[in-house]
Amino acid sequence: MTKMTDAKGQKFTFKYQGDETVPIEVKNSEGTWKRSLDPTGQVDGNDVYSWKNKDTGYTFKGEVTTKNGEYSWKDESGIETTQLEDGGQLHKYKNGTEVRENADGNVTEYKNPVSGENLSVDYSTGKPVVTVEKGGKSEVIEGVTGLQKTKEGLEIYRQNEQGKAETVLLHTNGAEITKVGSEITSYKSKDGVELSKEAGTRDGKAIDKIEISDTGKAVVTLEGGDKRLYNDDGSSTTFGKDGKVSTLSADGNKEFVYQLSKTDAKAVATALEKNDFNSISVRNPESVTEIDRKAGTEINWTSSKDSKGETVWTNGQETFKGNVSLDVKTGNSTWQRLDSQGFTESVVNRNNQGQVNFVTDKQGVTTFFGYDAEGNTNSILRNDFGWDSYLIKGADGKWRNPIDQANPLNWGKDTGKAFDHMVLANGDQIITPTSATGEGSDGKPLASTVIEANGNQKTSNGDGSVSYKYASGAVAEHHEYKAGEDGTTTKVDVFKDGTIEMTGPNGTRVRQNANSDLVTTIDKDGNVTQFKGKMSVGENGAVIIIN
């Protein structure tokens with residue numbers, strides 16, 4: 001496209017260099033814009049250039065395209081503007097929010113997929129009449145005097161009930177922010193959580209000031225000088241002047257308190273002067289206190305350094321070597337446990353309610369968890385393959401894999417498995433199958449399994465036998481079961497290379513090395529016999545020998 005004229009009569013001309021599809025020069029009502037020969041950066045993975053206006057000297061950095069006969073440009077903030085044939089413009093934000101302006105530059109439409117709000121503006125009466133549609137309902141915003149697109153979203157200017165001029169910013173993140181003059185008086189998140197200077201906070205603290213972070217979240221300065229960053233659901237992170245950083249769940253039941261060192265507390269205070277939450281790092285604080293007000297419990301973790309300078313954590317009952325960090329913008333904490341060699345044993349990520357978001361084991365397998373309104377797990381997603389790599393809990397209490405259900409071989413069958421599932425704070429999973437009779441579908445006693453955060457598994461089979469599966473090391477499986485009236489134990493090991501060894505209650509060992517057709521028996525006196533055969537390990541560690 002080399003020329004374009006819209007319905008308003010505005011003319012645009014485009015020049016190209018060689019076979020390039022990006023214009024080298026654009027001429028519009030603002031003057032002639034010349035593009036730099038080389039990219040000066042990227043926006044959303046695409047090259048951006050510097051465009052200098054030869055008439056005004058102004059420089060624009062962004063992306064310009066004339067593909068498919070449409071003239072559009074994207075600035076460094078990621079907002080894409082398309083020049084429409086009717087003379088108006090359509091502005092698209094990164095999250096899908098759209099603002100449409102007519103040929104006179106007046107806002108006529110606003111659509112936000114995050115909040116679900118759609119606004120339409122009628123100017124036929126000489127004043128803007130704004131209608132908001134949301135959730136199948138519509139209402140007219142009273143007292144509107146004007147509207148303007150900003151990089152944060154849409155600003156609405158109006159007279160409030162007290163006759164004062166106020167500005168309402170509909171942020172692209174779904175928040176509604178009200179200002180009188182330059183002062184923010186109230187904030188309402190997309191989830192409906194409201195803050196105001198008049199009402200104060202939910203936990204009874206007075207608000208001195210409300211500000212907005214770079215992502216549109218509420219930043220509140222409390223009476224006394226502490227600062228608090230709010231999430232959409234009402235959960236928050238508070239930065240105390242005493243060097244403590246605390247997260248509070250939306251229901252107020254769960255609180256984590258991180259006591260920072262003096263050096264870290266000073267760095268946080270400096271960042272807070274500019275509300276620069278991106279530069280705040282909370283890693284290995286002096287202590288972490290986990291408070292559960294509903295359960296009436298409190299767990300205090302304290303940190304120290306070992307002889308190698310590595311951090312060691314203890315709560316009086318449990319000790320581990322590793323690292324604890326906090327993402328102050330979400331309230332999520334990460335607990336990394338190390339093995340004796342200093343390698344990662346497991347990584348557990350928890351939200352501000354104390355629930356485990358995901359756990360990564362020693363082999364790098366990550367398991368993600370979802371929760372219902374009561375805090376019970378209702379989805380399990382593991383980034384490896386298997387029938388149970390993705391499970392969703394149905395209304396009947398059974399867990400099913402949607403992919404398994406879609407298999408034509410399973411049509412008409414109930415693929416659900418009934419079990420109780422719980423994730424502990426350290427990332428361990430406890431799985432206990434359930435049924436109406438208290439037994440499995442085959443009449444055998446139910447088995448319960450503990451999947452440790454490091455990937456190891458322990459299954460109590462219900463018949464007295466115990467089975468272990470190891471994520472690392474030479475041994476892949478270990479089984480123990482009792483035989484005989486005296487309850488003596490038989491042990492079975494399956495090694496990673498395929499070797500199988502069984503140790504009987506009398507000390508006799510039966511072994512078959514990997515890729516061998518010989519079965520070796522060594523009795524308690526050391527006598528060795530061999531014969532050709534095949535050893536295999538069945539359910540619950542039962543050994544089958546065929547000769």
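Two strands are taken to pair when DSSP finds at least two bridges between them. With that in hand, this predicted model can be walked through strand by strand, beginning with a run of hairpins.

Strands β33 and β34 form a hairpin, with five residues between them. Strand β33 covers residues 332-338, and six bridges join β33 to β34 in an antiparallel arrangement. One pair to look for across this ladder is L338, which stands opposite T344 in β34. In the turn, G342 has a positive phi of about 90°.

The next turn along follows a similar plan. Here β34 and β35 form a hairpin, again with five residues between them, and G354 in the turn has a positive phi of about 90°. Strand β35 takes in residues 356-360, and four bridges join β34 to β35, the two running antiparallel. Within this pairing, F358 in β35 is the bridge partner of N349. How enclosed is β34 by the rest of the structure? Strand β34 spans residues 344-350, and five of its seven residues are buried, so the strand is largely enclosed by the rest of the structure.

Further back in the chain there is an open sheet. Six strands make up this sheet, in the order β16-β17-β18-β19-β20-β21, and the pairing is antiparallel. At the edges stand β16 (144-149) and β21; each has a single partner strand, so one side of each is left without a neighbour in the sheet. Direction ignored, neighbouring strands of this sheet are turned by 20° against each other on average. At the β16 edge, five bridges join β16 to β17, which run antiparallel, and G146 stands opposite Y157 in β17.

Several strands of this part of the chain also turn up around a pocket. The second largest pocket has a volume of about 1,000 Å³. Its lining consists of 35 residues, and R158, E166, V168, E176 and T178 lie nearest the centre of the pocket. Strands that each supply at least two residues of the lining are β14 (129-134), β15 (137-141), β17 (153-159), β18 (165-171), β19 (176-180), β20 (183-188) and β21 (194-196). Which strand gives the largest share of the lining? That is β15, with five residues. Sorted by class, the lining of the second largest pocket has 14 charged, twelve polar and nine nonpolar residues.

Charged side chains deserve a look across the whole model too. Side chains of opposite charge can pair when their charged atoms come close. A search of the whole structure finds 22 salt bridges. One of them is formed by K15 with E25, where the closest N and O atoms are 3.7 Å apart. This pair links distant parts of the chain, since K15 sits in strand β2 (residues 11-15) and E25 in strand β3 (residues 25-28), ten residues apart. E25 has a relative accessible area of 12% and is therefore buried, the cut-off being under 20%.

The side chains of R100 and E109 also meet in a salt bridge, at 3.9 Å from N to O. Are these two partners buried or partly exposed? R100 is partly exposed, with a relative accessible area of 29%, and E109 is partly exposed as well, at 32%. A further salt bridge brings together the side chains of E501 and R509 (3.8 Å, N to O). In this pair, E501 counts as buried at 11% relative accessibility, whereas R509, at 34%, counts as partly exposed. Elsewhere, K254, E290, D292 and R350 are joined into one network by salt bridges that share partners.

Two asparagines stand out for their backbone angles. Most residues other than glycine have a negative phi. In N275, however, phi is near 55°, a positive value in a residue other than glycine. N275 is placed in the loop between α1 (262-272) and β28 (282-283), and at 14% relative accessibility it counts as buried. N284 is not a glycine either, yet has a positive phi of about 50°. The loop that holds N284 lies between β28 and β29 (287-292). With a relative accessible area of 17%, N284 is buried.

Notes:
Residues are numbered from 1 along each chain as its sequence is written. This is a predicted model: local features need pLDDT of at least 70, side-chain atom pairs count only at pLDDT 80 or more; totals for chains, interfaces and linings use all residues. Side-chain values use heavy atoms; hydrogens and water are left out. Buried means under 20% relative accessible area, exposed over 50%, partly exposed in between (1.4 Å probe, protein chains only). On a 1 Å grid over the protein atoms alone, a cavity is a set of points where a 1.4 Å probe fits but cannot get out, and a pocket is an open set with protein on both sides within 12 Å along at least five of seven lines; lining residues have an atom within 4 Å of a point. Grid points are joined across faces, edges and corners, and a volume is the space filled by probe spheres set on the points. Ala, Val, Leu, Ile, Met, Phe, Trp, Tyr, Cys and Pro count as nonpolar, Asp, Glu, Lys and Arg as charged, and the others, Gly among them, as polar. Axes are lines fitted to C-alpha atoms, for helices over the stretch in contact, and angles run from 0 to 180 degrees between N-to-C directions. A salt bridge is a side-chain nitrogen of Lys or Arg within 4 Å of a carboxyl oxygen of Asp or Glu.
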